[in-house]
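Thank you all for coming. I would like to take a few minutes to walk through the open and enclosed spaces in one model, and then through the ligand that goes with it.

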Amino acid sequence: MHSFLEKQFGLRGQVALVTGSSQGLGLAMARALGQAGAHVIVNGRDPGKLTPVVHRFAEHGLHAHAIAADLSDRAAVQRLVEESIAWKGHLDILVNNAGIIKRTPAVDHTDADWDAVLNVNLNGVFVACRAAGKHMVARGSGKIINIASLLTFFGGVTVPGYAASKGAVGQLTKALSNEWAAHGVQVNAIAPGYMRTDNTAALQADPKRSLEILQRIPANRWGDPSDLEGAVVFLASHASDYLTGHVMAVDGGWCGR
Ligand code: NAP
């Protein structure tokens with residue numbers, strides 16, 4: 001890599017944990033961080049989905065390590081971060097990506113659905129930030145990137161728990177950035193637009209909703225997981241050292257419309 005680009009965007013020798021990276025957006029971001037030089041910890045609940053990812057990465061010269069953990073369990077999140085730090089003795093980048101969605105009208109939204117979404121999308125994110133932040137603040141450097149959503153800004157339709165959780169992720173991002181900026185730790189978020197993954201399978205399969213969504217996207221296409229590669233490397237790298245507390249929409253222009 002050209003020395004300017006290496007200095008600004010290179011992640012050689014750094015360790016990154018990407019939660020929920022066995023597929024979808026997390027997988028694309030983990031691969032991008034690896035391609036920028038980072039050692040990457042991939043995570044999900046299912047170890048059977050993680051092992052092939054580590055092998056595929058190795059075939060492309062990328063160095064990855066799998067740690068299965070269920071992020072709805074606070075103790076498991078704490079362990080995940082501690083094991084990630086222990087792998088190479090430091091953790092430089094945390095991407096809180098794992099997230100779930102339950103699509104049911106508010107009047108039928110059960111406590112179980114609400115709790116399941118809030119546990120993974122908000123409680124797990126806070127515990128991971130707290131554990132990684134403690135380590136990063138003590139070292140005087142670190143990058144935390146939370147995966148928010150357009151529903152950090154908008155209310156959405158029939159996803160009340162998800163919208164509440166992602167709104168809170170935006171506020172948590174700002175709250176932590178205020179505390180940790182002076183310690184060399186930047187906390188930002190990416191708000192992806194409508195991306196083609198399992199998370200949006202129900203929308204993609206609904207011809208009416210799918211067309212409505214497409215017609216509102218200025219870029220005139222749904223996003224692909226690869227659309228987040230540049231954004232995540234930027235927020236993980238020195239190029240963004242004076243950028244913190246920001247929720248960056250990568251949405252084909254949706255928010256501007
Ligand atoms: P996805 O394809 O459904 O992938 C979700 C990933 O998270 C999988 O690797 C899954 O692995 C893991 N996961 C789920 N529950 C978990 C848990 N309890 N503990 C640990 N890992 C867990 O979803 P995606 O579309 O890539 O979404 C990734 C993030 O982007 C989410 O936070 C989502 O809300 C956000 N987002 C997505 C879109 C979109 O359009 N797709 C838009 C805005 C925001 P296992 O099943 O093995 O656990």
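Let me begin with the second largest pocket, whose volume comes to about 150 Å³. Please keep in mind throughout that what you see is a predicted model. The residues that line this second largest pocket are Q14, D92, S141, G142, K143, G184, Q186, A236, S237, H238 and D241. Sorted by class, that lining consists of seven polar residues, three charged ones and one nonpolar one.

From there I turn to the enclosed space. How many cavities of 30 Å³ or more does the structure hold? There is one, and the space in this largest cavity amounts to about 40 Å³. Its lining is made up of T19, L71, V77, N96, N97, A98, V120, G124, V125 and A128, and the class count here is six nonpolar and four polar residues, with no charged residue in the lining. Which element gives the most to the lining of the largest cavity? That is helix 5, residues 111-139, with four residues.

Now to the largest pocket, which has a volume of about 1000 Å³. Its lining counts 45 residues, and those closest to the centre of the pocket are G99, I100, Y162, T197 and N199. Among the secondary structure elements, helix 2, strand 2, helix 6 and helix 8, the last of these spanning 207-216, give two or more residues each to the lining, and helix 2 holds the largest share, with three residues. Taken by class, the lining of the largest pocket is composed of 20 nonpolar, 16 polar and nine charged residues.

Where does the ligand sit? The ligand is found in the largest pocket, and it is surrounded by 33 residues, of which S22, R45, N97, Y162 and T197 are the closest. Y162 and T197 are thus named twice, since they belong to the closest residues around the ligand and also to those closest to the centre of the largest pocket. N97, for its part, is one of the closest residues to the ligand and is also listed in the lining of the largest cavity.

As for the elements behind this shell, helix 2, covering 24-35, strand 2, covering 39-44, and helix 6, covering 160-180, each supply at least two of its residues. The shell divides into 15 polar, twelve nonpolar and six charged residues.

Finally, I would like to go through some polar contacts of the ligand. An oxygen atom of the ligand lies 3.3 Å from a backbone N or O atom of G20, and an oxygen atom of the ligand is 2.9 Å from an N or O atom in the side chain of Q23. On the nitrogen side, a polar backbone atom of L71 is 2.9 Å from a nitrogen atom of the ligand. With regard to burial, the ligand on its own has 890 Å² of accessible area, and the protein covers 94% of that. L71, I would add, also appears in the lining of the largest cavity.

Conventions:
Residues are numbered from 1 along each chain as its sequence is written. This is a predicted model: local features need pLDDT of at least 70, side-chain atom pairs count only at pLDDT 80 or more; totals for chains, interfaces and linings use all residues. Side-chain values use heavy atoms; hydrogens and water are left out. A residue is near a molecule or strand if one of its heavy atoms lies within 4 Å of it. A polar contact is a pair of N or O atoms within 3.5 Å; within protein, one must be able to donate a hydrogen and the other to accept it, and residues adjacent in sequence count only if both atoms are side-chain atoms. Accessible areas come from the Shrake-Rupley method with a 1.4 Å probe; for residues, only the protein chains shown count as cover. On a 1 Å grid over the protein atoms alone, a cavity is a set of points where a 1.4 Å probe fits but cannot get out, and a pocket is an open set with protein on both sides within 12 Å along at least five of seven lines; lining residues have an atom within 4 Å of a point. A molecule sits in a cavity or pocket if more than half of its atoms lie within 2 Å of its grid points. Ala, Val, Leu, Ile, Met, Phe, Trp, Tyr, Cys and Pro count as nonpolar, Asp, Glu, Lys and Arg as charged, and the others, Gly among them, as polar. Grid points are joined across faces, edges and corners, and a volume is the space filled by probe spheres set on the points.
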